[in-house]
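Let's take a stroll through a protein fold, one piece at a time. Keep the picture handy while you read.

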Amino acid sequence: MTDDFLTGGLEQDRYLKAVRLADQFQEEIISRLFEFDEAMVDVQPDLFDPETEPDSNTNNTPNNGLALHRINHPMEGPRAPESDQRLNVHLYWMSPTEYNRSDIDSAVRGFGYKIKYGDTDVDEWVEAQTHDGDWSLQTGDNPYDSNTVFYRHVSSAAEINETATELVQHFSEYGAAYAADSDIEL
């Protein structure tokens, strides 16, 4: 850092502006994730206790990708382990190497959902249905736990909205397999 850089930052309030911009951006992302979570709950209301509130988390340390915003919403039902299983909606910033993407030199943004602590047999069944169906979603192993992630890479608000619409449809079709007393054969 040079004296000119420091002086310019002080005179033009660059640090203060950057902090405010980051706070504003974070609030907007969390707001979008809460809307996404609510739409997911609306299509599978029997899987959630209406008295239960989701919690949000933001992490800017490199422990879980480059940065993340996520919401966890406890699930209920005969197939949901008591107080453990959660709908997790998220936006992750990951290194392109995590997705074997050598064509990208910036971060990759993954917008999606998973069922945290869900039955891995159900994960495998839903993943197979997703690949066999007409979905444009990607699936992947989560490097931080054992559950499958359903997601798309996004680069704009429009792509977030399009992806959220498809993910809500996907959860509407397969969400009950994780928690309801489903008749599916795994």
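## The core

First, a bit of vocabulary: a nonpolar core is a set of buried Ala, Val, Leu, Ile, Met, Phe, Trp, Tyr and Cys residues joined through side-chain atoms within 4.5 Å. Keep in mind as well that what you're looking at is a predicted model. The largest nonpolar core here has 33 residues, and the members that touch the most others are Phe 36, Leu 87, Phe 111, Tyr 113 and Phe 171. Several elements chip in two or more residues each: helix 2 (14-43), strand 2 (67-74), strand 3 (86-94), strand 4 (108-116), helix 3 (120-132), helix 4 (157-174) and helix 5 (176-179). Helix 4 gives the largest share, with 6 residues.

Want to zoom in on one member? Try Phe 171. Leaving aside residues up to four places away in sequence, Phe 171 touches Met 40, Val 43, Gln 44, Leu 47, Phe 48, Met 75, Leu 87, Tyr 113 and Ile 115. Two names on that list, Leu 87 and Tyr 113, should ring a bell from the core's best-connected members.

## The sheet and its helices

How are the strands of the sheet ordered? The order is 1-2-3-4-6-5, in an open sheet of 6 strands with antiparallel pairing. Strand 1 (55-59) and strand 5 (138-141) sit at the edges, each pairing on one side only. On average, neighbouring strands are turned by 25 degrees against each other, ignoring direction.

Now look at how strand 3 meets strand 4: the two run antiparallel and are joined by 9 bridges. If you want a spot to find by eye, His 90 stands opposite Gly 112 in strand 4. Helix 3 packs on the sheet too, where it touches strand 5 and strand 6 (148-153), and its direction makes about 35 degrees with that of strand 6. Helix 4 lies across strand 3, strand 4 and strand 6, and it runs at about 20 degrees to strand 4.

## Two unusual backbone spots

Two loop residues are worth a click. Asp 13 has a phi near 50 degrees, which is a positive value in a residue other than glycine. You'll find Asp 13 in the loop between helix 1 (3-11) and helix 2, and it is partly exposed, with a relative accessible area of 42%.

Tyr 117 isn't a glycine either, yet its phi is positive at about 65 degrees. Tyr 117 lies in the loop between strand 4 and helix 3. With 45% relative accessibility, Tyr 117 counts as partly exposed.

## Charged partners

Side chains of opposite charge can pair when their charged atoms come close. How many salt bridges are there? The count comes to 2. In one of them, the side chains of Glu 28 and Arg 32 meet at 3.0 Å, N to O. These residues are 4 apart in helix 2, so about one helical turn separates them. Glu 28 is partly exposed at 39% relative accessible area, and Arg 32 is also partly exposed, at 28%.

The other salt bridge pairs Arg 152 with Glu 166, whose closest N and O atoms are 3.1 Å apart. This pair links distant parts of the chain, with Arg 152 in strand 6 and Glu 166 in helix 4, 14 residues apart. Are these two buried or exposed? Arg 152 counts as buried because its relative accessibility is 18%, under the 20% cut-off. Glu 166 is buried as well, at 11%.

Key: Residues numbered from 1 in each chain as written. Predicted model: local features only at pLDDT ≥ 70, side-chain atom pairs only at ≥ 80, totals over all residues. Heavy atoms only, no water. Buried < 20%, exposed > 50% of the residue type's maximum accessible area, 1.4 Å probe, protein only. Contact = heavy atoms within 4.5 Å. Pairing = 2+ DSSP bridges. Axes fitted to C-alpha atoms, helices over the stretch in contact; angles between N-to-C directions. Salt bridge = Lys/Arg side-chain N within 4 Å of Asp/Glu carboxyl O.
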